[in-house]
Amino acid sequence: METVQYCGKVISLRRCTNVTDEAIISIAERCPLLMSLNVSGCLKLTDDSLVAIGRWSNKLRYISCSGTDITDEGVFSLAQGNCSKTLEEIHLDHCNRITDESIESLSVFCNKLLTLIIHNCRLLTPRSREALEQIATNNNNKFQCLSYTIY
């Protein structure tokens, strides 16, 4: 893979099905000003990508990982990583391997969240609803958009 030579503040790789963890790790390490990352539908991505983003992307405000194969480990890395203090918007639609523990970690560590989208995550239960209510309380109900489906 070529190394990343130019880094913008906004990178969208939506539905780039050949993007791998190696590419996202390179972006995370070499793009210190990254504020927005859309990797929705990048089917080859795993938690390794989110671990790198959590570690290196301390200015990240927006991330969409919808339709990827991430698990709680990846979400934990975001929620507890350097970007946790700046994240304002997270999209996790169709992430079928995340559980209530992911939502709970976001509620504890991501105090600046304004938008959270989590639809069709089959492992979420009503326990997630309680965590979402906690997020709203922590943010003094400043949510701009909180949209979810709990099964």
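These exercises work through helix packing, burial, backbone angles and a cavity in one predicted model.

Residues are numbered from 1 along each chain as its sequence is written, and side-chain values use heavy atoms, with hydrogens and water left out. Local features need pLDDT of at least 70 and side-chain atom pairs count only at pLDDT 80 or more, while totals for chains, interfaces and linings use all residues.

**Exercise 1. Determine how H1 packs against H2.**

Step 1. Locate the elements. H1 covers residues 21-30 and H2 covers 47-56. Helices are DSSP runs (H or I, at least four residues) and strands likewise (E, at least two), numbered from the N terminus.

Step 2. Take the geometry. The axes of H1 and H2 lie 8 Å apart, at an angle of about 0 degrees. Axes are lines fitted to C-alpha atoms, for helices over the stretch in contact, and angles run from 0 to 180 degrees between N-to-C directions.

Step 3. Classify. H1 is therefore roughly parallel to H2. The classes are roughly parallel (under 35 degrees), roughly antiparallel (over 145), roughly perpendicular (65 to 115) and oblique (the rest).

Step 4. List the contact. Asp21, Ile24, Ile25, Ala28 and Glu29 of H1 meet Asp48, Ser49, Ala52, Ile53 and Trp56 of H2. Contact means heavy atoms within 4.5 Å.

Step 5. Sort by class. The contact of H1 with H2 holds six nonpolar, one polar and three charged residues. Nonpolar covers Ala, Val, Leu, Ile, Met, Phe, Trp, Tyr, Cys and Pro; charged covers Asp, Glu, Lys and Arg; the others, Gly among them, are polar.

Step 6. Check burial. In H1, Asp21, Ala23, Ile24, Ser26, Ile27 and Ala28 are buried. Their cover includes strand S1 (10-12) and helix H2. Buried means under 20% relative accessible area, exposed over 50%, and partly exposed in between (1.4 Å probe, protein chains only).

**Exercise 2. Repeat the analysis for H3 and H4, then place Ser105.**

Step 1. The axes of H3 and H4 (residues 100-109) come within 9 Å and cross at roughly 0 degrees. So H3 is roughly parallel to H4.

Step 2. On the H3 side, the contact has Asp72, Val75, Phe76, Ala79 and Gln80; on the H4 side, Glu101, Ser102, Ser105, Leu106 and Phe109. By class, that gives five nonpolar, three polar and two charged.

Step 3. Ser105 sits in H4. Its relative accessibility is 6%, so Ser105 is buried. Beyond four places in sequence, Ser105 touches Val75, Phe76, Ala79 and Cys110.

**Exercise 3. Describe the setting of Cys83.**

Step 1. Cys83 lies in the loop between helix H3 (72-80) and strand S4 (89-91).

Step 2. Cys83 counts as buried because its relative accessibility is 0%.

Step 3. Setting aside neighbours within four places in sequence, Cys83 contacts Ile53, Gly54, Ser57, Asn58, Leu60 and Leu78.

**Exercise 4. Compare the backbone and exposure of Arg15 and Asn120.**

Step 1. Arg15 is not a glycine, yet its phi is positive, near 60 degrees. Asn120, also not a glycine, has a positive phi of about 60 degrees.

Step 2. Arg15 is in the loop between S1 and H1. Asn120 is in the loop between strand S5 (115-118) and helix H5 (126-138).

Step 3. Arg15 is exposed at 58% relative accessible area. Asn120 is partly exposed at 23%.

**Exercise 5. Name the residues that line the largest cavity.**

Solution. The lining consists of Val39, Leu45, Thr46, Ser49, Leu50, Ile53, Cys65, Thr68 and Ile70. A cavity is a set of points on a 1 Å grid over the protein atoms alone where a 1.4 Å probe fits but cannot get out; lining residues have an atom within 4 Å of a point. The lining splits into six nonpolar, three polar and no charged residues.

Terms used: 1 Å grid on protein atoms, 1.4 Å probe; cavity = no way out; pocket = protein on both sides within 12 Å on 5 of 7 lines; lining within 4 Å.
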